[in-house]
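The following account leads the reader through one protein model, beginning with its principal pocket and moving on to selected residues and the overall fold.

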Amino acid sequence: MRLVSQTLSCCRVVGRARAGVLPVGGAGGGRSARDELPAGGGAAAAVRGARPGPVTGTGAPRPRRFRVVRAGRGSAANKRAQNGASRVSCCHGAGHFRRELPAGPRPRSGVPGPRRPAMAVAGRRDAPEPPDFGILKRLARDQLIYLLEQLPGKKDLFIEPDLMSPLDRIASVSILKHEVDKLYKVDTRPAPSSSDQFCFLVRPRLRTMRHIADIVNADKMSGRSRKYKIIFSPQKFYACEMVLEEEGVFGDVTCDEWSFYLLPLDEDIISMELPEFFRDYFLEGDHRWINTIARALQLLNSLYGPFGRAYGIGRCAKMSYELWRDLEEESEGDGQGRTPEIGNVFLMDRDMDYVTALCSQVVYEGLVDDTFRIKCGSVDFGPDVTSSDKSIKVLLNAQDKVFSQIRNEHFSSVFGFLSQKSRNLQAQYDRRRGMDIKQMKNFVSQELKGLKQEHRLLSLHIGACESIMKKKTKQDFQEMIKAEHSLLDGFDIRESTSFIEEHINRQVSPIESLRLMCLLSITENGLVPKDYRSLKTQYLQSYGPEHLLTFHNLKRMGLLTEQAAGETLTAVESRVSKLVTDRAAGKITDAFNSLAKKSNFRAISKKLGLIPRVDGEYDLKIPRDMAYVFSGAYIPLSCKIIEQVLERRGWQGLEEVVRLLNGNEFSVSDSAGEDNPAGDAQRVILAVFLGGCTFSEIAALRFLGKERGFKFIFLTTAITNSARMLEAMIEAKA
């Protein structure tokens, strides 16, 4: 295990290149890459532009009838199953972060030869191009401007804080200024305003309704007469109207909805920007967002469908699909049959796979998210990254030429790539020395601007890597990864428990301690009573008794549970099996759902081969399978399920896995889509994660797509990681 030593040695090489490489002035003038950083602004400004014209030709398709099909039929399905047989990778332990394979041929067959220099695995066939999701931004922007125009004249706009970042991605301030006079945050009282009209752009939250009611009532008491308009995003809830009525202001305001369901973060990532969905549904049991998800699917289906096949697993996934189907059948659209751009959709609940979300991320984009918190597709790099006294906001997407090549790579491979990139840029700059005047003119007019931009981005990502290394080294990252892998393997559990106790007693991080405890609980089917009481007591003593409510929430979620006295794994599985296999009853209580949820990781892992075991070392530069996103130690369960279902074109052969996951699976085919399959569209899969998706899962499915010739489009309620997921379980202090 040499991650730190290897990356530090690469860091020194890159650091030297960064300090004096890439002169941008006259001959012999070598300025640092840091000198090229702009004084302000940031890449986020690039998303702001002129308002495009109206969108046409987006009618909804004709309502369709669906039918359930039995997958896995015919020689084609069998061939897919054979070609897609899971490939085992290497053993664990000290080899997790080794970066070279022993000399000799690669241990698997049917895999392309040497890797392309661009650090991407060569696929068996080119994946289709993703659809253009720019239309989603234009539709949202045009609808917002239309709603603002419904309140003609001078007006002030109050925006909820967590809507500001999504709004910045679709509409610049200059566009909004055409419709409003002043902008305020909802949670701050406005300065004295002469405007006779207030417009509120808010989420449907009760506390926000009370704040708006206070503003209206204050105006009433002062004798000021104004018009008030509330625009709910993405939809209005009846409870909000009830609060306005209770506060006595319902008759003074007009309400409208901004159907802002989908925000494209990248060419293959769409977020609904609903981080509260995870807690609302999985902890509180609140189903209010199901309608929002169904309408988002309906919008995508009308613009890029019709979807030929739909797969899913989880209660929320099934409810969302059924409501979406009802909306499709009730719609009165008269759109003729069009060529679909997305052929398949797969819906999955987050509670089907908590383990993947709890594991430490080691792909570059995941580490950037864990360290700096990527928000709405952009990240704020502070002075420790920019080596200046200013922070820079950087948009992280495929337009960043440096980031797009390292985002899915294991962190141990990133420094080597950045070092090579810096040498390549240096060579491109050096070409100018032998140029004549005409060649120099062409170089300056055509290439220099792009090289400077790439140089600036390279400098930022080198700084980000250095900052990540410093922070992760301080947190004993290698020891933590080793403990996680032991928990996933089921080895050295007592040693891992001692590591967690030490982590708690040193008060390293309350979230990290909770994460390790939850990972131990899920992989071990609950903690034995002695360990549960001991860890809980130590945690409350270290971080405070207010976390008693946190433990209660984690227990309700099945994330941190205590084994019942005298109950073994075999006994639990036997009891659950009797209930689940009784398909005539078709019902399992919520209490038994949580019992089943906490007792099946080992069995599922064995059935699907989630822990690769093979002799040799895992080369993280040339991954063998999706396990590379966790250093070759673990294949994400969510991604493995998607892979297996797509190979079988259904759940046939996965009945035991479905039983262990508590059912609620479905596989539905549109008969029209099956009779007239579109070639490329059938290889475009919309993967819908309800409750959040991690960058590790995105990287794993991108790898699978390159291997199998698929193109995955990711739709998630929000981007998540272990910290966000556990923070949602912590009760906010009053």
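A pocket here is an open set of grid points with protein on both sides within 12 Å along at least five of seven lines, and its volume is the space filled by probe spheres set on the points. The model under discussion is predicted. The largest pocket in it has a volume of about 1,100 Å³. Its lining comprises 43 residues, and those nearest the centre are Asp-162, Arg-205, Leu-274, Pro-275 and Glu-276. By character, the lining divides into 20 nonpolar, seven polar and 16 charged residues. Several secondary-structure elements each supply at least two lining residues: helices H4 (161-170), H6 (206-222), H7 (238-246), H8 (277-283) and H30 (722-727), together with strands E7 (263-266) and E8 (269-271).

As to the overall architecture, the protein has 30 helices and 15 strands. Of its 734 residues, 57% are buried. Among contacts with a separation of 6 or more, 81% are made by residues 24 or more positions apart.

Strand E5 (227-232) and the loop that joins this strand to H7 merit a closer view. Within E5 lies Ile-231, a buried residue with a relative accessible area of 0%. Beyond its neighbours up to four places away in sequence, Ile-231 touches Leu-147, Leu-148, the run Cys-199, Phe-200, Leu-201 and Val-202, and also Asp-256, Glu-257 and Trp-258. Ile-159 is 72 residues from Ile-231 along the chain, and the C-alpha atoms of the two are separated by 9.7 Å.

In the loop between E5 and H7 stands Pro-234. The peptide bond that joins Ser-233 to Pro-234 is cis, with omega about 0°. Gln-235 is found in this loop as well. Is Gln-235 buried or exposed? Gln-235 counts as buried because its relative accessible area is 7%, and buried means under 20%. The side chain of Gln-235 makes polar contacts with two other side chains, that of Thr-292 at 2.4 Å and that of Asn-291 at 3.5 Å. Leaving out residues up to four places away in sequence, Gln-235 touches Pro-204, Glu-257 and Arg-288 in addition to Asn-291 and Thr-292. Glu-257 is thus listed among the contacts of Gln-235 and among those of Ile-231.

The cysteines can be considered next. The structure holds zero disulfides. Why does Cys-255 form no bond with Cys-240? The cysteine sulfur closest to that of Cys-255 is in Cys-240, 8.6 Å away, and is therefore too far for a bond, given that a disulfide requires sulfur atoms within 2.5 Å. Cys-255 is partly exposed, at a relative accessible area of 23%, whereas Cys-199 is buried, at 0%. Cys-199 is also one of the residues touched by Ile-231.

Another buried position is found in strand E10 (residues 344-349), where Leu-347 lies. The relative accessible area of Leu-347 is 0%. Apart from neighbours within four places in sequence, Leu-347 is in contact with Leu-297, Tyr-311, Gly-312, Ile-313, Ala-317, Ser-320 and Tyr-321, as well as with Phe-666 and Val-688. The C-alpha atoms of Leu-347 and Leu-715 are 9.3 Å apart, although 368 residues separate the two along the chain.

Helix H12 (residues 364-372) is mostly covered, with eight of its nine residues buried. The buried residues of H12 are Tyr-364, Glu-365, Gly-366, Leu-367, Val-368, Asp-369, Thr-371 and Phe-372. Arg-373, which follows H12, has a positive phi near 65°.

Two further residues with notable backbone geometry remain to be described. Ser-631 is not a glycine, yet its phi is positive, at about 60°. Ser-631 is placed in the loop between helix H25 (601-608) and helix H26 (637-648), and it counts as buried at 1% relative accessibility. Arg-649, likewise not a glycine, has a positive phi of about 55°. Arg-649 lies in the loop between H26 and helix H27 (655-660). Is Arg-649 buried or partly exposed? With 30% relative accessibility, Arg-649 counts as partly exposed, since that class covers values between 20% and 50%.

Key. Residues are numbered from 1 along each chain as its sequence is written. This is a predicted model: local features need pLDDT of at least 70, side-chain atom pairs count only at pLDDT 80 or more; totals for chains, interfaces and linings use all residues. Side-chain values use heavy atoms; hydrogens and water are left out. On a 1 Å grid over the protein atoms alone, a cavity is a set of points where a 1.4 Å probe fits but cannot get out, and a pocket is an open set with protein on both sides within 12 Å along at least five of seven lines; lining residues have an atom within 4 Å of a point. Helices (H or I, at least four residues) and strands (E, at least two) are DSSP runs, numbered from the N terminus. Ala, Val, Leu, Ile, Met, Phe, Trp, Tyr, Cys and Pro count as nonpolar, Asp, Glu, Lys and Arg as charged, and the others, Gly among them, as polar. Buried means under 20% relative accessible area, exposed over 50%, partly exposed in between (1.4 Å probe, protein chains only). A polar contact is a pair of N or O atoms within 3.5 Å; within protein, one must be able to donate a hydrogen and the other to accept it, and residues adjacent in sequence count only if both atoms are side-chain atoms. Contact means heavy atoms within 4.5 Å.
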